[in-house]
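Me: Please take a close look at a single part of this model and describe it together with its surroundings. One connected account will do.

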Amino acid sequence: MLQLLRLLADGRFHSGEELGTALGISRSAVWKRLQQLSAEHVLVLHKVRGKGYRLEQPLSLLSVSELSARLPSLTLWVEDCVDSTNAMALKKLAEPAVALPFAILAESQSAGRGRRGRHWVSPYGQSLYLSYAIRVERAAQLQALSLVVGLAVRRALQSFGVSNVGLKWPNDLLVSGCKIAGILLELSGDPADVCHVVIGIGINANLLDANGIDQAWTSVQRVTGCPVDRNALAAVLLEQLDCVLTEHREHGFAAFHEEWEAGHLWQGCEVRLTSGVHEIDGRVLGVTLDGALRLLVDGVERTYSGGELTLRLRHDS
């Protein structure tokens, strides 16, 4: 099935005879596999008599050899389909002598995860699903970590022409109010001692249509009008992650504080912070040096942090 996908990835017409010859199967077997391919991976196939078959849009498929050539010192895996790259990374951490850091990328996820247990829609070959596992030796390295990762994602997106991408505390990236990327950090071990963190990142790369996304979204291709090379995007992202994580480990979030606030879309905005059934209205003042949100609430500055908080713009802002 993967070989068939790679033959069709260019978005051009390929005859059943051509595909059958390449795969060593009959034309009827090609048709059956195409039907299975379309159903399993939610891909739109066009069939035209006399021309053959083509995908509705080309796919930029991941290549472990291309990524390894760009990132020779990084251990990485490229999978066809996983339940979630974060879940696979957490399993890898339990293996003896696994080299760190390492990265896992996938063409699709059957159970992609977002914050607060939400499902991350992961159609085949259209977005970037990536997990990066690191070792953390001091609790201070965990402070504002998701904010620093957000800066790496923002820098990567800007380098591909998404100039107006901004940050939403604590771990989303938006363009014109629409989500283009999200971050999910998962911890393994004791945060007070040596532990590991899996940094999960999802970027809508060439996504043009998707069912099941319950919020406004956009993609690199939607913003720029051009499909993006997912291998190039993944390589730049991993390079940026290495850069910011090294600086964060040495200098802390203070080295990024000014850049982060300059890129925060809701700086100075009236917002509503939700924690369970509790709601707090205030104006965003910025973030602290450990990544907590600073809000002006009834004339008093308060700070908030935690994984179960949701921040939204107030309707009257």
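Reply: Contact here means heavy atoms within 4.5 Å. This is a predicted model, in which local features need pLDDT of at least 70 and side-chain atom pairs count only at pLDDT 80 or more, while totals for chains, interfaces and linings use all residues. Residues are numbered from 1 along each chain as its sequence is written, and side-chain values use heavy atoms, leaving out hydrogens and water.

The part chosen is helix α6, residues 145-159. Helices (H or I, at least four residues) and strands (E, at least two) are DSSP runs, numbered from the N terminus. From first C-alpha to last, the 15 residues of α6 reach 22 Å, close to the 21 Å expected at 1.5 Å a residue (1.5 Å times one less than the number of residues). Gly-161 follows α6 and has a positive phi, near 95 degrees.

Of the 15 residues of α6, 12 are buried, so the helix is largely enclosed by the rest of the structure. Buried means under 20% relative accessible area, exposed over 50%, and partly exposed in between (1.4 Å probe, protein chains only). The buried set includes the run Leu-145, Ser-146, Leu-147, Val-148, Val-149 and Gly-150. Arg-154 is also buried, as are Ala-156 and Leu-157.

Part of these surroundings is a sheet. α6 lies across β6, β7 (172-175), β8 (178-189) and β9 (195-203), and runs at about 140 degrees to β8. Axes are lines fitted to C-alpha atoms, for helices over the stretch in contact, and angles run from 0 to 180 degrees between N-to-C directions.

These strands belong to an open sheet of 7 strands, ordered β3-β4-β5-β9-β8-β7-β6, with mixed pairing; two strands pair if DSSP finds at least two bridges between them. β3 (75-82) and β6 (166-168) stand at its edges with a single partner strand each, so one side of each has no neighbour in the sheet. From one strand to the next, the twist averages 20 degrees.

At the β3 edge, β3 pairs with β4 (residues 102-109) in the parallel sense over 7 bridges. Glu-79 has Ala-106 in β4 as its bridge partner. Helix α8 (residues 230-251) also packs on the sheet, touching β4, β5 (128-136) and β9, and its direction makes about 20 degrees with that of β5. Strand β9 is thus listed under both helices: α6 lies across it, and α8 touches it.
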